[in-house]
Amino acid sequence: MSTAGCSSACKVTGKSSWPELMGSNVAKAVSVIQNENPSVHVKVLNISKSIPLPVDCARVIVFVDDTNKVVLPPVIC
């Protein structure tokens, strides 16, 4: 799974990616994202899932593994 190109499709006010959250627990990641950019909503997906279409410039995708650890940098997509 790749999120390449997601953020570039959107003009976003505020932070649009969170690479520092890789390896974090999903609950912590969601909390940090919501605190740092309250204008977005978070969608948590297992790494085996695809990015839902269409691109939503107010949605942050957080991919997690089976232990609920963030495995890709969360991005607006």
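**Burial, salt bridges and cores in a predicted model**

In this predicted model, Asn37 sits in the loop that joins α1 (26–36) to β1 (41–46).

Q: Why is Asn37 called buried?
A: The relative accessible area of Asn37 is 3%. Buried means under 20%, so Asn37 is classed as buried.

Q: Which residues is Asn37 in contact with, leaving aside neighbours within four places in sequence?
A: Asn37 contacts Val12, Thr13, Gly14, Lys15, Trp18 and Ile76.

Q: What makes the pair Glu20 and Lys15 a salt bridge?
A: The closest N and O atoms of Glu20 and Lys15 are 2.7 Å apart. The cut-off is within 4 Å, therefore the pair qualifies as a salt bridge.

Q: What makes Glu36 and Lys15 a salt bridge?
A: The N to O distance between their side chains is 3.0 Å, and because the limit is 4 Å, the pair meets the definition. Glu36 lies in helix α1 and Lys15 in the segment before α1, so this salt bridge ties together parts 21 residues apart in sequence. Lys15, Glu20 and Glu36 are thereby linked in a network of salt bridges.

Q: Why is Glu20 called partly exposed?
A: Glu20 has a relative accessibility of 45%. Partly exposed lies between the limits of 20% and 50%, so the term applies to Glu20. Lys15, at 30%, is also partly exposed, as is Glu36, at 40%.

Q: Which residues touch the most other members of the largest nonpolar core?
A: Among its 14 residues, these are Trp18, Leu21, Ile33, Val60 and Val62. Helix α1 gives the most to this core, with 5 residues.

Key. Residues are numbered from 1 along each chain as its sequence is written. This is a predicted model: local features need pLDDT of at least 70, side-chain atom pairs count only at pLDDT 80 or more; totals for chains, interfaces and linings use all residues. Side-chain values use heavy atoms; hydrogens and water are left out. Helices (H or I, at least four residues) and strands (E, at least two) are DSSP runs, numbered from the N terminus. Buried means under 20% relative accessible area, exposed over 50%, partly exposed in between (1.4 Å probe, protein chains only). Contact means heavy atoms within 4.5 Å. A nonpolar core is a set of buried Ala, Val, Leu, Ile, Met, Phe, Trp, Tyr and Cys residues joined through side-chain atoms within 4.5 Å.
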